Amino acid sequence: MKKFLTLAFAATTALSSPLLAQAAPPESARLRDAALTDDLAWEITEGLTTEIGPRKAGSDAEARARDWAVAKLKALGFANVRVETFEVPYWERGDASAEIVAPFPQPLTLAALGNSGGTGPKGLKAELVGFDSLAALEAADPASIKGKIVFVTHRMAAAQDGSHYGPVGQIRRIGPSIASQKGAAAILIRSIGTDEHRNPHTGSQDWKDGAAPIPALALANPDADQLERVLKRGQPVTIALRVTAKMAGKRTSGNVIAEVPGRDPSLPIVLVGGHLDSWDQGTGAIDDAAGVAITTAAAKRIMDAGQPLRTIRVVWFGSEEIGLFGGVDYREKHKEEKHHFLAESDFGADRIWRFQTSVADAALPAMKPIAAALAPLGIVQGGKNGDASGSDISEIQKLGIPVLALSQDGTRYFDLHHTPDDTLDKVDPAQLRQNVAAWTAMLAVAANDSTDYGPVPPRK
């Protein structure tokens, strides 16, 4: 908590700097500063995680969350609140257990990955073969894998920008398909996370190129450490698994949409949001109740201050965790509409430290007032123009729409991501307010800017 108080003090001190205050557009500065005392984002995060809890894509809980979101957005005064539904494949987690049978019998803590196959009621028992990277698995002779349980380990480092997640996450995303194609009976991976807790990290993976579903599970990181040590003893290792996960047809999901109507409805709209669904192990507080709460609270502040020039559309995307289904559905249903820019909050609730852009070069001067409004919060403009993106909005970017990104500090994000520890107590109210202040400042400038931020090349 001392760290959080220090951050809050630093933000308050920065706001008192006359040079920075003068650099920011006056109205955006006023709204930004007021947002530092606003607890609407906390109210939304607390309500969604308490009254709904986990919201797995396609589940009854996700449906209840859509109803909850509609009621909340209407009560807050947003216009045109509605749900746009679509169908998704539904996966049932079931139960999963594992143990080392030999040479040193003991249980293992693990969780099934999305779309994992099952073992059947009797389970399976097989020899384990270990790999220290995805590349090593890819290079392995299928004859060394056929009928065995594959184990792939790694070391994921914590980083402020979360940059290790992309490459290391490939172990989860495509490792099961590679193992299946080489004839493995099942695959275990070290959790894609940076913690040392006995909490396995779940997450999505899809069966590529016709790979047959096999049991695919993530070990808690201490258990992965243990399995590494056992393998280093040089004796054959036998694992017993029982997994009841299965696919269960199609279910309904949907995007919840609300708007702040602009003064000029002919202008391209601003889209902001996060995703409503979560994995089922925790209550989805940082991933991503906080994200929808932050963007909604900021849009509410803009709405209450008077009608913006452009319409602001708030989207609580459905079924992001299992494959960006909400982003794809939005893209297809709204591809004829003009969008000024896209922005998404989906990286927890710790303080925002960086502002990034994917806009036309001619629009870069228009980014300066936004950067000036953000600077008193300790936010720097960085990265290469063109790098800004998000999860669901990455699908919409394929239409060639500009993006503004406010990057949260991700140093501890992958300690919690997709684990039972993703709960409300991990959200710090002071840092959450800083997020809302940053989003409010950005929207106050950008939603009232008549400058075109595009055109930009479609994202591949």
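Select helix 8, residues 221–232. This is a predicted model. Helix 8 lies across strand 2 (96–102), strand 3, strand 5 (124–131), strand 6, strand 7, strand 8 and strand 9 (238–243). Against strand 7, helix 8 runs at about 110°.

Next, helix 7, residues 165–181. Helix 7 lies across strand 6, strand 7 and strand 8 (216–219). Its direction is about 155° to strand 7.

**The sheet**

Now show the strands under these helices. Eight strands make up an open sheet with mixed pairing. Read across in the order 3-2-9-5-6-7-8-4. Which strands are the edge strands? They are strand 3 (106–108) and strand 4 (110–112), each of which pairs on one side only. From one strand to the next, the twist averages 30°.

Start at strand 3. Strand 2 pairs with strand 3 in the antiparallel sense, over three bridges. Three residues lie between the two strands, which form a hairpin. Pick I100 to see one bridge: the partner in strand 3 is Q106.

Step to strand 9. Strand 2 and strand 9 run antiparallel and are joined by six bridges. Select A102 and find its bridge partner in strand 9, T238.

Then go to strand 6 (residues 149–152) and strand 7 (residues 186–190). Do they run parallel or antiparallel? They run parallel, and four bridges join them. I149 has A186 as its bridge partner in strand 7.

**A helix pair**

Select helix 4 (residues 40–51) and helix 9 (residues 285–305). Their axes come within 8 Å and cross at roughly 140°. An angle over 145 degrees would count as roughly antiparallel; helix 4 and helix 9 are therefore oblique to each other. The crossing is right-handed.

Show side chains here. From helix 4, select L40, A41, I44, T45, L48 and T49. They meet A285, A289, A290, V292, A293, I294, T296, A297 and K300 in helix 9. What classes of residue make this contact? Eleven are nonpolar, three polar and one charged.

**Last stop: a salt bridge**

Side chains of opposite charge can pair when their charged atoms come close. How many salt bridges are there? The count comes to 24. Select E259 and R313 for one of them. Their closest N and O atoms are 2.8 Å apart. This pair links distant parts of the chain, with 54 residues separating the two positions. E259 sits in strand 10 (residues 246–260), and R313 in strand 12 (residues 312–317).

How values were computed: Residues numbered from 1 in each chain as written. Predicted model: local features only at pLDDT ≥ 70, side-chain atom pairs only at ≥ 80, totals over all residues. Heavy atoms only, no water. Pairing = 2+ DSSP bridges. Axes fitted to C-alpha atoms, helices over the stretch in contact; angles between N-to-C directions. Contact = heavy atoms within 4.5 Å. Parallel < 35°, antiparallel > 145°, perpendicular 65-115°, else oblique. Left-handed = near helix turned anticlockwise from the far one by under 90°. Nonpolar A, V, L, I, M, F, W, Y, C, P; charged D, E, K, R; others polar. Salt bridge = Lys/Arg side-chain N within 4 Å of Asp/Glu carboxyl O.
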